[in-house]
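Here is a walk through one protein model, taken a step at a time. Keep the structure open beside the text and turn it as you read.

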Amino acid sequence: MKKVIALLLVCLFISKAAAQNNAMDTITRYIKVPAGYLMVLRQGDDVLAQLESLAIKEKIPSANFAGMGFVNARFGFFNFETKEYEPKEFNNVELASMRGSIAWQKGKVSIHAHGVVTDREFKAYGGHMLGAIVGTGSVEILVTVHDKMLERKMEEPPGANVLQLEE
């Protein structure tokens, strides 16, 4: 009997979690506006993945974006000697500003984002955004679409992917 009750509780928990995930899947995350798109992301959304998904779904040739909200962020400082990012995480912070661009590289979406977050003591931290998950609240992003397809290519020096303006 205890096993049956435990199994029923597990099934109830799984179905409730699935219903919540399905509800999140049906939430509109962006709308078309004259400049491009306005996104409103909610708790648990992956900010960079949502931008990538938007670029693919809407066939965005290139764009710039600006955003703000509440996140758990992972920033990286690019070490030009090792050619790797030195990461640091900041949880439960306010995204005071996020700016970036959407381009393409080898047929795939290429997001380049930088941001500044602040904590409850109003200390600010920032850098290249390696990742961000929406925390409590939401994140609002305005994506300004351009009419030209822009690509990123690895350039030496500096040993980094650089946005190309030539077609």
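**A guided tour of the fold**

Starting at the N terminus, the elements of this protein come in the order α-β-β-α-β-β-β-β-β-β. In total there are 2 helices and 8 strands. Please keep in mind that this is a predicted model. Its mean pLDDT is 88, and 84% of the residues reach 70 or more.

One stretch calls for caution. Over residues 4-23 the pLDDT stays under 50, and the model has 0 contacts beyond four places in sequence for these residues. Helix α1 is assigned to residues 2-26. Where pLDDT is low, the predicted coordinates should not be read in detail.

Now for the protein as a whole. Of its 167 residues, 33% are buried. Take the contacts between residues at least 6 apart in sequence: 63% of them join residues at least 24 apart. The accessible surface amounts to about 11,000 Å², and carbon and sulfur atoms account for 59% of that.

Let us follow the strands next, beginning with β3. Strand β3 covers residues 63-79 and strand β4 covers residues 84-105; the two pair in the antiparallel sense over 15 bridges. To find your place in this pairing, look for Ala 66, which stands opposite Arg 99 in β4. The hairpin of β3 and β4 has 4 residues between the strands. Lys 83 lies in the loop there, and its phi is near 60°, a positive value in a residue other than glycine. Most residues other than glycine have a negative phi, and most peptide bonds are trans. With a relative accessible area of 40%, Lys 83 is partly exposed.

Strand β4 also pairs with β5. Strand β5 spans residues 108-118, and 11 bridges join β4 to β5 in an antiparallel arrangement. Two pairs can serve as landmarks here: Ser 101 has His 112 in β5 as its bridge partner, and Ser 97 stands opposite Val 116 in β5. The hairpin of β4 and β5 has 2 residues between the strands. What does the backbone do at Lys 106, in the turn? Its phi is near 55°, again a positive value in a residue other than glycine. At 77% relative accessibility, Lys 106 counts as exposed, whereas Lys 83 is partly exposed.

From β5 the path goes on to β6. Strand β6 runs over residues 124-145, and 5 bridges join β5 to β6, again antiparallel. Gly 115 has Gly 127 in β6 as its bridge partner. Between these two strands the hairpin has 5 residues, and Phe 122 takes a positive phi near 70°.

With the strands in view, turn to the charged side chains. How many salt bridges are there? The count comes to 2. Side chains of opposite charge can pair when their charged atoms come close. In one of these salt bridges the side chains of Asp 45 and Arg 29 meet, with an N to O distance of 2.9 Å. This pair links distant parts of the chain, 16 residues apart: Asp 45 is in the loop between β2 (36-42) and α2 (47-57), and Arg 29 is in the loop between α1 and β1. Are Asp 45 and Arg 29 buried or exposed? Both residues are buried.

The side chains of Glu 89 and Arg 74 also meet in a salt bridge, at 3.8 Å from N to O. Glu 89 is in strand β4 and Arg 74 in strand β3, 15 residues apart, and this pair too links distant parts of the chain. You have already seen that strands β3 and β4 pair in the antiparallel sense. Glu 89 has a relative accessible area of 53%, so it counts as exposed. Arg 74, at 35% relative accessibility, counts as partly exposed.

The last stop is on the surface. Ile 31, Leu 38 and Leu 142 make a nonpolar patch of about 230 Å². Ile 31 is found in strand β1, which covers residues 30-33. Its relative accessible area is 47%, so Ile 31 is partly exposed. Residue 38 falls within the range of β2, residues 36-42, and residue 142 within that of β6, residues 124-145.

Conventions. Residues are numbered from 1 along each chain as its sequence is written. This is a predicted model: local features need pLDDT of at least 70, side-chain atom pairs count only at pLDDT 80 or more; totals for chains, interfaces and linings use all residues. Side-chain values use heavy atoms; hydrogens and water are left out. Two strands pair if DSSP finds at least two bridges between them. Buried means under 20% relative accessible area, exposed over 50%, partly exposed in between (1.4 Å probe, protein chains only). Contact means heavy atoms within 4.5 Å. Accessible areas come from the Shrake-Rupley method with a 1.4 Å probe; for residues, only the protein chains shown count as cover. Patches are made of residues with over 30% relative accessible area and no salt bridge: like charges are joined within 9 Å, nonpolar side chains (Val, Leu, Ile, Met, Phe, Trp, Tyr) within 5 Å. A salt bridge is a side-chain nitrogen of Lys or Arg within 4 Å of a carboxyl oxygen of Asp or Glu. pLDDT is the predictor's confidence in each residue, from 0 to 100.
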